[in-house]
Amino acid sequence: QVQLVESGGGLVQVGGSLRLSCAASGFIFSSYAMNWYRQAPGKERGLVASISSGYGSTYYADSVKGRFTASRDNAKNTVFLQMNSLKFEDTAVYYCNVHRGGLGYWGQGTQVTVSS
């Protein structure tokens, strides 16, 4: 079965950096686009970044463009989200996601808290 396990979250100061990882299993990782979403308290879950299969084309939400970078290692079935210049408003639970067979699969999420 599809499994997604995020790691790398934590507490970081404004302006700092974190690197999230998502280890995937149960499907042919290299064949699927991978997504990062986030959900802040009281807000809806929203798409942060996507990285395609193949050449790894990327998409970023306007709020993170220029600060976040998605990448993938198909040999290790892992997708990453490098987050730089973090802001208070980046505080959220970050989720890894894949759409496969008409279904969306989610990891358990990893908390990112940005403080002063």
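Hi everyone, let me start with one pair of residues: Y94 sits across from T110, which belongs to strand β11. Before I go on, please keep in mind that this is a predicted model.

So, which strands are being joined there? β9 and β11, the latter covering residues 110-115, run antiparallel and share three bridges. I'd like to stay with β9 for a while. How many bridges does β9 make with strand β4? There are five, linking residues 34-39 of β4 to residues 92-100 of β9, again with the strands antiparallel. If you want a residue pair to look at on the screen, take Y37, whose bridge partner in β9 is Y95.

Next, β10. This strand takes in residues 103-106, and it pairs with β9 in the antiparallel sense over four bridges. Here you can look for V98, which faces Y105 of β10. What connects the two strands? They make a hairpin with two residues in between, and G101 in that turn has a positive phi of about 60 degrees.

Let's turn to the other sheet I wanted to show you. This one is open, has four strands in the order β1-β3-β8-β7, and its pairing is antiparallel. At the edges are β1 (3-7) and β7 (68-73); each has a single partner strand, so one side of each has no neighbour in the sheet. From one strand to the next, the twist averages 15 degrees.

Within that order, have a look at β3 and β8. Residues 18-25 form β3, residues 78-83 form β8, and six bridges hold the antiparallel pair together. A good place to zoom in is A23, opposite T78 of β8.

Now for the last part, the cysteines. How many disulfides does the structure hold? Just one. The bond runs between C22 and C96, with an S to S distance of 2.1 Å. It links distant parts of the chain, since C22 lies in strand β3 and C96 in strand β9, 74 residues apart. And the handedness? The torsion about the S-S bond of C22 and C96 is about -80 degrees, which means that the disulfide is left-handed.

One more thing about those two residues: are they buried or exposed? C22 has a relative accessibility of 0%, so it counts as buried. C96 is buried as well, because its relative accessible area is 0%.

That's my tour, friends. If you'd like to go back to any of these strands or to the disulfide, I'm happy to bring them up again. Thanks for listening!

Notes
Residues are numbered from 1 along each chain as its sequence is written. This is a predicted model: local features need pLDDT of at least 70, side-chain atom pairs count only at pLDDT 80 or more; totals for chains, interfaces and linings use all residues. Side-chain values use heavy atoms; hydrogens and water are left out. Two strands pair if DSSP finds at least two bridges between them. Axes are lines fitted to C-alpha atoms, for helices over the stretch in contact, and angles run from 0 to 180 degrees between N-to-C directions. A disulfide is a pair of cysteine sulfur atoms within 2.5 Å. Buried means under 20% relative accessible area, exposed over 50%, partly exposed in between (1.4 Å probe, protein chains only).
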